[in-house]
Every structure is written in structure tokens, then in C-alpha cells.
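Here is a short tour of one protein chain, written for someone new to reading structures. Keep the picture open while you read, and look up each residue as it comes up.

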Amino acid sequence: AVPELREEKSQPPPKPRSGAVEETFRIVKDSLSDDVVKATQAIYQFELSGEDGGTWFLDLKSKGGNVGYGEPSDQADVVMSMSTDDFVKMFSGKLKPTMAFMSGKLKIKGNMALAIKLEKLMNQMNAKL
């Protein structure tokens with residue numbers, strides 16, 4: 001009889017994060033500045049489904065801003081749920097956030113005014129992506 005080791009394997013090993021989502025967040029991080037943080041003052045959490053999915057955050061409250069994989073250190077002001085494909089399209093300017101929201105590809109919980117601020121920020125970043 002083979003002993004079962006299920007309890008120890010309840011947590012799958014974290015996948016190495018690479019690909020378009022990671023690259024998008026890296027570019028976003030490089031374009032953050034104190035001015036952007038001052039102008040925005042919000043924490044965004046992204047619940048991404050599909051390949052390279054998971055929880056990511058964009059912290060535009062702490063000095064210099066921050067991005068990363070996992071939950072933000074403080075409560076998110078806006079939580080956005082979408083597929084990884086739509087996320088990458090949105091940040092690269094191929095999918096307008098308003099259209100994604102209207103068509104049901106993007107679900108937003110939290111402060112809508114701050115969600116709109118992020119759209120303006122994306123438009124500024126599109127030149128870099």
C-alpha cells in the first residue's frame with residue numbers, strides 16, 4: 001500500500017510567472033512615477049483567468065508606486081476581473097477598458113471613479129507598451 005500524501009500537496013507549487021502578463025506589469029512598473037502616484041492615489045487588484053492568471057496588484061498609493069503578483073498589502077480600492085488575454089490587450093491599447101466593461105469582458109468591483117482614472121493612466125502608457 002502506498003501512503004497518501006495528499007495533505008502536504010494541497011498547495012500546488014507556484015508557477016514561474018512569465019509571459020505577457022509579467023511583461024506588461026514590468027513595463028507598467030518602469031513607467032510609474034511619484035506624479036502618477038500623487039494623481040491616482042488608489043490600489044488596483046487584478047483577478048486574471050486563463051494562462052498566466054492569478055491575482056496581481058498595482059499600488060498607486062505608496063511612494064513611487066508598486067506592482068506585483070499576489071494580494072496588495074493594503075485593501076484594494078478597485079478589483080478588476082478579466083482574462084489574461086483581455087488584460088494584455090487592454091494595457092497595450094488594443095481593447096478599450098470601457099468597451100471591455102460594457103461587453104462583459106471586464107468586471108469591476110469598487111470605486112468606479114478610480115477605475116476611470118486607471119483608464120486615463122493606461123492611455124498615457126500605451127505609448128510605452
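## The overall layout

The chain has five helices and five strands. Helices here are DSSP runs of H or I with at least four residues, strands are runs of E with at least two, and both are numbered from the N terminus. Starting at the N terminus, the order of elements is α-α-β-β-β-β-α-α-β-α.

Before going further, some ground rules: this is a predicted model, in which local features need pLDDT of at least 70 and side-chain atom pairs count only at pLDDT 80 or more, while totals for chains, interfaces and linings use all residues. Residues are numbered from 1 along each chain as its sequence is written, and side-chain values use heavy atoms, with hydrogens and water left out.

## How sure is the predictor?

The score to know is pLDDT, the predictor's confidence in each residue, from 0 to 100. The chain averages 84, and 82% of the residues score at least 70. Residues 5-17 are the part to treat with care: their pLDDT is below 50, and beyond near neighbours in sequence this stretch has four contacts in the model. A contact means heavy atoms within 4.5 Å.

Contacts also tell you how the chain folds back on itself. Among those between residues at least 6 apart in sequence, 66% join residues at least 24 apart.

## Inside the core

Of the 129 residues in the chain, 39% are buried. Buried means under 20% relative accessible area, exposed means over 50%, and partly exposed is in between (1.4 Å probe, protein chains only).

The largest nonpolar core has 29 residues, and Tyr44, Phe46, Leu58 and Met80 touch the most other members. Such a core is a set of buried Ala, Val, Leu, Ile, Met, Phe, Trp, Tyr and Cys residues joined through side-chain atoms within 4.5 Å. Elements giving two or more residues include helix H1 (20-30), strand S1 (42-49) and helix H5 (112-125). H5 gives the most, with five residues. Try clicking on Phe46: leaving out residues up to four places away in sequence, its contacts include Phe25, Trp56, Leu58, Met80, Phe87 and Leu118.

## One face of H3

Which residues of helix H3 (residues 84-91) are buried? They are Thr84, Asp86, Phe87, Met90 and Phe91. Looking down the axis of H3, these buried residues fall within an arc of 160 degrees, so they line one face of the helix. The arc is taken from the directions from the helix axis to the C-beta atoms. Just after H3 comes Gly93, with a positive phi of about 85 degrees.

## Charged partners

The structure holds four salt bridges. A salt bridge is a side-chain nitrogen of Lys or Arg within 4 Å of a carboxyl oxygen of Asp or Glu. In helix H1, Glu23 pairs with Arg26, with the closest N and O atoms 2.7 Å apart. These two are three residues apart, which puts about one helical turn between them. Arg26 also pairs with Asp30, at 3.2 Å. Asp30 is exposed at 57% relative accessibility, whereas Arg26 is partly exposed at 42%. An α-helix has 3.6 residues a turn, so residues three or four places apart point the same way.

Another bridge joins the side chains of Asp77 and Lys61 (3.2 Å, N to O). This pair links distant parts of the chain, 16 residues apart: Asp77 sits in the loop between strand S3 (66-69) and S4, and Lys61 in the loop between S2 and S3. Back in the helix, shared partners join Glu23, Arg26 and Asp30 into one network.
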